[in-house]
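Open the model in your viewer and keep the selection box handy. We will go stop by stop, from the whole chain down to single residues.

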Amino acid sequence: MSEKADILVIGLGAMGSATLYQLAKRGVKAVGLDRFAPPHTMGSSHGETRITRQAVGEGRDYVPLALDSHRIWRELEAETSAELLNPCGLVVMAPGVGETSHHGKPDFVARSIGAARDFGIAHEVIDGREVAYRFPQFLNLAGDEKAYYEPGGGYVFPERCIKAQLTRAEQLGATIRTGVEVLSIAQRGSAVRVETSSGTFDADQVVVSAGGWNAHLLGAPFDRVLSVKRQVLHWYELDDTSAYRANAPVFIWMHGATDVDYLYGFPPPSGDRRLKVATEQYETSTTADTVDRAVDSGESAEMYRKHVEGRLAGATPRVAQAAACIYTVTPDRGFIIDRHPEQDRIFVVSACSGHGFKHSAGIGNVVAGMVTDGRSAIDLSPFSISRFS
């Protein structure tokens, strides 16, 4: 015997929880499966906070997804009384001269400014002198830095967002099964059969949003374009919090020419003396099952020495906390939001390449629309798997 569903969602992290919630809102008989118990620390959707920004320097195609996500989080806040979005402001900053890159995109500040102008997003273009005057958390600025300031940017609470969407999905009629490992997915005629550690599921359609496990579950062509990168988050103790005023923004600070010459971070919440910062690495690949989830003290010491020391007020080298997570990355560091090229009843949401959470609520809305009525208000062609053919 097998269980049946109109639509089965595999993986209930950022993308899967958002999709299940939107399907339930549409009255679909949807079932969500997860190998663990979301929100959990095994994938890409943990770490207390995630930056959100509306003018997306990675490309204008992402902006409608980010804007829709902000709308949905505000709706969820009203429905659940949970705080999900903190619009504390955002600074994206780079040296005044020389090349820079972020997520594979050159001159990321200019790209952010262009997206803001195109979509009418409130912003300011300021220099390092103005940044230092307004935000004393940033130290030793040359003064000629170029910076994009977005007052509506800030951060979301990823674990809370996932929990809120799964809670509402269940309230609206969705079924959630946790501790269920998916073993295989195969379309058979007009249905999809999913074999799991807890039995067989048959569904009219399946949404695969399993993050770092997607390549293993889907095989070709996804296994050729998806790679998993280990990333590390660091929380350093602050010996002085006075520079982090009520208006202290989140930040993306490019201080060199390459994608690894930068750091991003968050102001400490009220009463918290921890400063969360991170950078990224793309040289070393791993898998979701073999990644080293322990963080060595030497990693935090190197992060402090290379990126934090002399740049952030009050930050000490004392480590309050550290955690590892994974990014699933495509060659162009863009998303995949598309049907399987050979199995049209399997819809794939993957490879958010380190900048996906801010878009996740909007992506869930788009995917739910695609699998229920085949339509999307947002052009999804830039996120097609065929671009890697």
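Helices (H or I, at least four residues) and strands (E, at least two) are DSSP runs, numbered from the N terminus. With that in hand, Asp107 can be placed in the loop between strand S7 (105-106) and helix H3 (108-119). We will come back to Asp107 near the end.

This is a predicted model: local features need pLDDT of at least 70, side-chain atom pairs count only at pLDDT 80 or more, and totals for chains, interfaces and linings use all residues. Residues are numbered from 1 along each chain as its sequence is written, and side-chain values use heavy atoms, with hydrogens and water left out.

**Stop 1: the whole chain**

Show the protein chain as a cartoon. It has 9 helices and 22 strands. Its radius of gyration (taken over C-alpha atoms) is 21 Å, close to the 21 Å that the globule rule gives for 389 residues, so the chain is as compact as a globular protein of that length. The globule rule is 2.2 Å times the number of residues to the power 0.38. Along the principal axes, the C-alpha atoms fill a box of roughly 65 × 45 × 45 Å.

Now switch to a surface. The chain exposes about 15300 Å², and carbon and sulfur atoms supply 48% of it. Accessible areas come from the Shrake-Rupley method with a 1.4 Å probe; for residues, only the protein chains shown count as cover. Of the 389 residues, 57% are buried. Buried means under 20% relative accessible area, exposed over 50%, and partly exposed in between (1.4 Å probe, protein chains only).

Contacts come next; a contact means heavy atoms within 4.5 Å. Among contacts with a separation of 6 or more, 76% are between residues 24 or more positions apart.

**Stop 2: strand S5**

Select residues 90-94. This is strand S5, and 5 of its 5 residues are buried. Which way do the side chains point? Leu90, Val92 and Ala94 point one way, and Val91 and Met93 the other way. In a regular strand the side chains alternate between the two faces of the sheet.

Add the strands that pair with S5. Two strands pair if DSSP finds at least two bridges between them. Strand S9 (residues 146-150) runs antiparallel to S5, joined by 5 bridges. Look for Ala94 opposite Lys146. Strand S16 (residues 250-254) runs parallel to S5, joined by 4 bridges. There, Leu90 has Val250 as its bridge partner.

**Stop 3: a three-strand sheet**

Select S3, S10 and S4. These 3 strands form an open sheet in the order S3-S10-S4, with antiparallel pairing. Strand S3 (50-52) and strand S4 (85-86) are the edge strands, each pairing on one side only. Zoom in on S4 and strand S10 (residues 154-156): 2 bridges join them in the antiparallel sense. Leu85 has Val156 as its bridge partner in S10.

**Stop 4: Ala169**

Select Ala169 in helix H5 (residues 158-171). Is Ala169 buried or exposed? Ala169 is buried, with a relative accessible area of 0%. Not counting residues up to four places away in sequence, Ala169 touches Leu20, Tyr21, Ala24 and Ala174. Add Leu23 too: its C-alpha atom is 8.0 Å from that of Ala169, though the two are 146 residues apart along the chain.

**Stop 5: His355**

Move to the loop between strand S22 (346-350) and helix H9 (360-373), where His355 is found. His355 is buried, at 1% relative accessible area. Show its contacts, leaving aside neighbours within four places in sequence: Arg53, Glu58, Tyr62, His103, Arg333 and Phe335.

**Stop 6: backbone oddities**

Most residues other than glycine have a negative phi, and most peptide bonds are trans. Four places to check follow.

- Pro38 to Pro39: the peptide bond is cis, with omega near 0 degrees. Pro39 lies in the loop between strand S2 (30-34) and S3.
- Ala220 to Pro221: this peptide bond is cis, with omega near 0 degrees. Pro221 is in the loop between helix H6 (214-218) and helix H7 (222-225).
- Ser81: phi is near 65 degrees, a positive value in a residue other than glycine. Ser81 is in the loop between helix H2 (63-80) and S4, and counts as exposed at 71% relative accessibility.
- Asp107: phi is near 45 degrees, again positive in a residue other than glycine. At 30% relative accessibility, Asp107 counts as partly exposed.
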